[in-house]
Amino acid sequence: MTSAVAAAPITAQAFKSDYKPIWCPGCGDYAVLSSFTKAFALLDLRPENVAVVSGIGCSSRIPAYTKCYGFHGVHGRSLAAASGLKLARPDLTVVVASGDGDGYSIGGNHFLHACRRNVDLTYVVMDNHVYGMTKGQPSPTTEPDWDSKLSPGGTGLRTFHPLVIALAAGANFVARAFSGDTNGTADIIAQAVRTPGFSFVEILSPCVTFRPEQREWKRMVRPAPVTTTDDAARAARRIMTDDGFNIGVLYKGERKPYQPSIGKGRKQVSDLEAGFTL
Ligand SMILES: Cc1ncc(C[n+]2csc(CCOP(=O)(O)OP(=O)(O)O)c2C)c(N)n1
Ligand code: SF4
């Protein structure tokens, strides 16, 4: 007699690598890593079915701390690598990790065009309003009056508005999360992965070393008082008039993801490799 034994559900732990993160004690990115692995377990994925792609920065260390395929690329270029990977391997779940310096400054152009192309990716930006890894320079999301040794009196520059820019450029899913809410953030990442097309999740993730005042974010965040909309103009108006601390899925659209045309001229990876044979 045979008895069917149900497989045990996969756990978040199964996605964690043996490398010990070297972030500063208290950095928000520890909790984001935990939300990544919880989201993968919620989605019932397997490490070999997921690729985590990043650029450079403290936040971009995440791939090494998971057991998934990882690509720790060059500064600001994670979306270019991830788009190519997803088009070549549509079977993989591709999640991209970035920071506000990596993703909105040097990587700003890639951000716009990734939204426009709508390749089926999930783009997670850990926003701490500072360049953490390079010791505290102002980033595109730094407040204009943030006074520091490197920007005495503040930069005086208006901040970049990533969520509204993502909407205007065509992202299909736009959400804001807070690292301290690991389960809520895992749920948002899971929703982002499930939504076809380019999904953008901005996670407020404090840099306790260069912006210790961000420890207060845990008292400032709140669930968004509105439900998700599929109207990009309405979402943009809401986001432009909130104070930046409303958490939740703020926009979910219906755009068809980009699919490369499959025709006679399409080459297989083996054909391309043959072209490089010496
Ligand atoms: C082409 C290039 N320019 C500059 C740098 C230096 N650099 C490394 S990380 C970084 C900023 C990272 O800031 P952010 O993306 O906000 O990440 P965080 O460290 O705060 O997580 C910079 C400017 C680099 N590695 N490569
Ligand atoms: S410098 Fe900031 S962002 Fe980098 S690990 Fe330390 S607390 Fe985290």
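**Notebook: pockets and ligands**

I began with the lining of the largest pocket and looked up which element gives most to it: the largest share comes from α3, with three residues. I note here, before going further, that the model I am reading is predicted.

Staying with the largest pocket, I found that 27 residues line it, and that G57, C58, Y131, G132 and M133 are the ones that lie nearest its centre. Sorted by class, this lining divides into 13 nonpolar, nine polar and five charged residues. I wrote down about 430 Å³ for the space in the largest pocket.

Next I asked what sits in the largest pocket, and ligand 2 is one answer. The space taken by ligand 1 is the largest pocket as well, and I therefore treated the two ligands one after the other, given that a molecule sits in a pocket if more than half of its atoms lie within 2 Å of its grid points.

For ligand 1 I counted 16 residues around the molecule, of which C58, S59, G101, D102 and G132 come nearest. Helix α3, which spans residues 100–106, gives the most to this shell, with four residues. The shell around ligand 1 comprises six nonpolar, eight polar and two charged residues.

I then went through polar contacts of ligand 1, taking the backbone first. A backbone N or O atom of C58 is 2.8 Å from an oxygen atom of the ligand, and a polar backbone atom of G132 lies 2.8 Å from an oxygen atom of ligand 1. From a side chain, I noted a polar atom of D100 at 3.4 Å from an oxygen atom of ligand 1. As for how much of ligand 1 is covered, the protein takes up 73% of the 590 Å² of accessible area that the ligand has on its own.

Turning to ligand 2, I listed the residues that surround the molecule: W23, C24, C27, C58, N128, G132, C207, V208, T209 and F210. By class I recorded seven nonpolar and three polar residues in the shell around ligand 2, with no charged residue among them. C58 and G132, which I had already noted for their backbone contacts with ligand 1, are included in the surroundings of ligand 2.

My last entry concerns the second largest pocket, whose volume is about 330 Å³. Of the 18 residues that line the second largest pocket, H129, T159, H161, D243 and G244 are the closest to its centre. I looked up which elements contribute, and found that α5 (162–169) and β6 (199–204) each supply at least two residues of this lining. By class, the lining of the second largest pocket holds seven nonpolar, five polar and six charged residues.

Methods
Residues numbered from 1 in each chain as written. Chains lettered and ligands numbered in written order. Predicted model: local features only at pLDDT ≥ 70, side-chain atom pairs only at ≥ 80, totals over all residues. Heavy atoms only, no water. Near = heavy atom within 4 Å. Polar contact = N/O pair within 3.5 Å; in protein donor to acceptor, adjacent residues only side chain to side chain. Areas by Shrake-Rupley, 256 points an atom, 1.4 Å probe, with all protein chains shown as cover. 1 Å grid on protein atoms, 1.4 Å probe; cavity = no way out; pocket = protein on both sides within 12 Å on 5 of 7 lines; lining within 4 Å. Nonpolar A, V, L, I, M, F, W, Y, C, P; charged D, E, K, R; others polar. Points joined across faces, edges and corners; volume = space filled by probe spheres on them.
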